[in-house]
Amino acid sequence: PKKIIVIVSIVSMCGYALMASLVPSVIRATLMGILSATGLLCNRDRDALNLLGGAVLLMLIWKPLLLYDISFQLSASASLGILLFFRNVSSLLQKQNWIPFWVSEGIALAISAQLVTLPFVLYNFHAFPVYFILSNLLVTPFLEMALLLGLGASLLFLIVSPIAELFLYIADCFIGYGTAINQQIASLPYASLNLRGLTPLEVLGYYVLLLVIFFRSLLRLLSF
């Protein structure tokens, strides 16, 4: 029954959040999941932007100083960028028939997230990662597999501990491979451009420009 599925999903998400030490990015994702599951149960609209806004609002009510946490800033802004720009960027890339689908999707994901996180990256690190698309394509699959294996191990540990230990060993290998690849990319020439942080006026102008681009794209889609 739908109610049972929703309740089990919410409990599972909370358990995952506890295993991940309740870091801001996981709390944001968990809150979005809980709001989405609750909306499903109540047959309410589950618009992703509303869910992200609700999750961010609840987190700031709970701990207002999260606004200054770099993990929270990057997690929320990357999610916003993906929700706003991923579909349009992906559509543009898919028109290039020579680019494989999985590559175009990975590139679109990296670009759309970077569009909104850029001011936070420059403010906190004073550098721009030139090869962020390459890192996303090559490193992310290893981390995703490690995450899935880790979750599988946590579920199997009390039932079949030898298999759980095997899962953890393989997950550790995936993390090692991903870290090694990331280090190789970081060692490439001009891997990072040292730049200054943007002034408040420049940040405002940058985000206004992004909003203009987004709404122009939205109006163009609605016109069809």
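**Exercise 1.** Which element gives the largest share of the lining of the largest pocket?

Solution. The model is predicted. Start with the pocket itself: the largest pocket has a volume of about 1000 Å³. Its lining is made up of 29 residues, and those closest to the pocket centre are S135, N136, V139, T140 and L143. Next, list the elements that give two or more residues to this lining: α4 (70–94), α5, α6 (132–156) and α7 (161–186). Among the contributions, the largest share is that of α6, with 11 residues.

**Exercise 2.** Sort the residues of the lining of the largest pocket into nonpolar, polar and charged.

Solution. The nonpolar group holds 20 residues. The polar group holds 8, and 1 residue is charged.

**Exercise 3.** Check the span of helix α3 (residues 48–62) against the expected value, then list its buried residues.

Solution. Helix α3 has 15 residues. The expected span is 1.5 Å times one less than the number of residues, so α3 should span 21 Å. The C-alpha atoms at its ends lie 21 Å apart, in agreement with that value. For the second part, the buried residues of α3 are L51, L52, G54, A55, V56 and M59.

**Exercise 4.** Place S104 in its helix, decide whether S104 is buried or exposed, and name its contacts beyond four places in sequence.

Solution. S104 belongs to helix α5, which covers residues 101–125. Its relative accessibility is 1%. Buried means under 20%, so S104 counts as buried. With neighbours within four places in sequence set aside, S104 is in contact with L93, Q94 and I99.

Technical notes. Residues are numbered from 1 along each chain as its sequence is written. This is a predicted model: local features need pLDDT of at least 70, side-chain atom pairs count only at pLDDT 80 or more; totals for chains, interfaces and linings use all residues. Side-chain values use heavy atoms; hydrogens and water are left out. Buried means under 20% relative accessible area, exposed over 50%, partly exposed in between (1.4 Å probe, protein chains only). Contact means heavy atoms within 4.5 Å. On a 1 Å grid over the protein atoms alone, a cavity is a set of points where a 1.4 Å probe fits but cannot get out, and a pocket is an open set with protein on both sides within 12 Å along at least five of seven lines; lining residues have an atom within 4 Å of a point. Grid points are joined across faces, edges and corners, and a volume is the space filled by probe spheres set on the points. Ala, Val, Leu, Ile, Met, Phe, Trp, Tyr, Cys and Pro count as nonpolar, Asp, Glu, Lys and Arg as charged, and the others, Gly among them, as polar.
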